[in-house]
Amino acid sequence: MVGLGQGKADDSLQRAKDIKGELIMIFGKRDNHVPPEGRDLIRKTLHEAGVTFSFYEVAWAQHAFIRDELSKGRYDPAIAGVCFQMLLELFGRTLSGDLGPREGGDGEVEDVCQALHGPEACCLVAD
């Protein structure tokens, strides 16, 4: 069997100790792509590696239950909304810190058209 990125250290479980951020893992309990023993192994490996994570299993859901147009009838907008809210909470809590001073400041926006083509140039026609 040919693996994704074969030969390029692509075994995520072996690299779990390299994970520095917080994870949310969301699975369907009826997911046959990641069976119960696979989910148990993922959970155990993350615990042993000291990764901060939340682990959710949606009771009736199958694989790819959050994707709408490609899920072949597995999509549920209500549970997808709940999952997206969990992600937004994580992002808001972990990514909203002080990122330091803004690059570029609040200076004047350069008129690229005029800078490239001279003061008579106009990229948009307005009337």
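Author: Let's start with a word we'll need: a residue is buried when its relative accessible area is under 20%, and exposed when that area is over 50%. Keep in mind that this is a predicted model.

Reader: Okay, so which residues of H1 are buried?

Author: In H1, the buried ones are Arg39, Ile42, Thr45 and Leu46.

Reader: How do you know that they line one face of the helix?

Author: Look down the axis of H1: the buried residues fall within an arc of 130 degrees, so they sit along one face. That side packs against strand S1 (23-28) and strand S2 (53-58). On the face turned away from it you'll find the exposed residues Glu37, His47 and Glu48.

Reader: What span is expected for helix H1, and what does it reach?

Author: H1 covers residues 36-49, which is 14 residues, and at 1.5 Å a residue you'd expect 20 Å. From first C-alpha to last, H1 reaches 20 Å, so the span fits the expectation. Right after H1 comes glycine 50, with a positive phi near 75 degrees.

Reader: Why is leucine 95 called exposed?

Author: Its relative accessibility is 57%, and the cut-off is over 50%, so leucine 95 counts as exposed. You'll find leucine 95 in helix H2 (residues 77-95).

Reader: What makes the nonpolar surface patch?

Author: Leu88, Phe91 and Leu95 make it, and the patch is about 320 Å².

Reader: And how many helices and strands does the protein chain have?

Author: Three helices and two strands, running β-α-β-α-α from the N terminus on. Of the 127 residues in the chain, 20% are buried.

Terms used: Residues numbered from 1 in each chain as written. Predicted model: local features only at pLDDT ≥ 70, side-chain atom pairs only at ≥ 80, totals over all residues. Heavy atoms only, no water. Helix = DSSP H or I, 4+ residues; strand = E, 2+ residues; numbered from the N terminus. Buried < 20%, exposed > 50% of the residue type's maximum accessible area, 1.4 Å probe, protein only. Arc of directions from axis to C-beta. Contact = heavy atoms within 4.5 Å. Patch = residues over 30% accessible without salt bridge, like charges linked within 9 Å, V, L, I, M, F, W, Y side chains within 5 Å. Areas by Shrake-Rupley, 256 points an atom, 1.4 Å probe, with all protein chains shown as cover. Salt bridge = Lys/Arg side-chain N within 4 Å of Asp/Glu carboxyl O.
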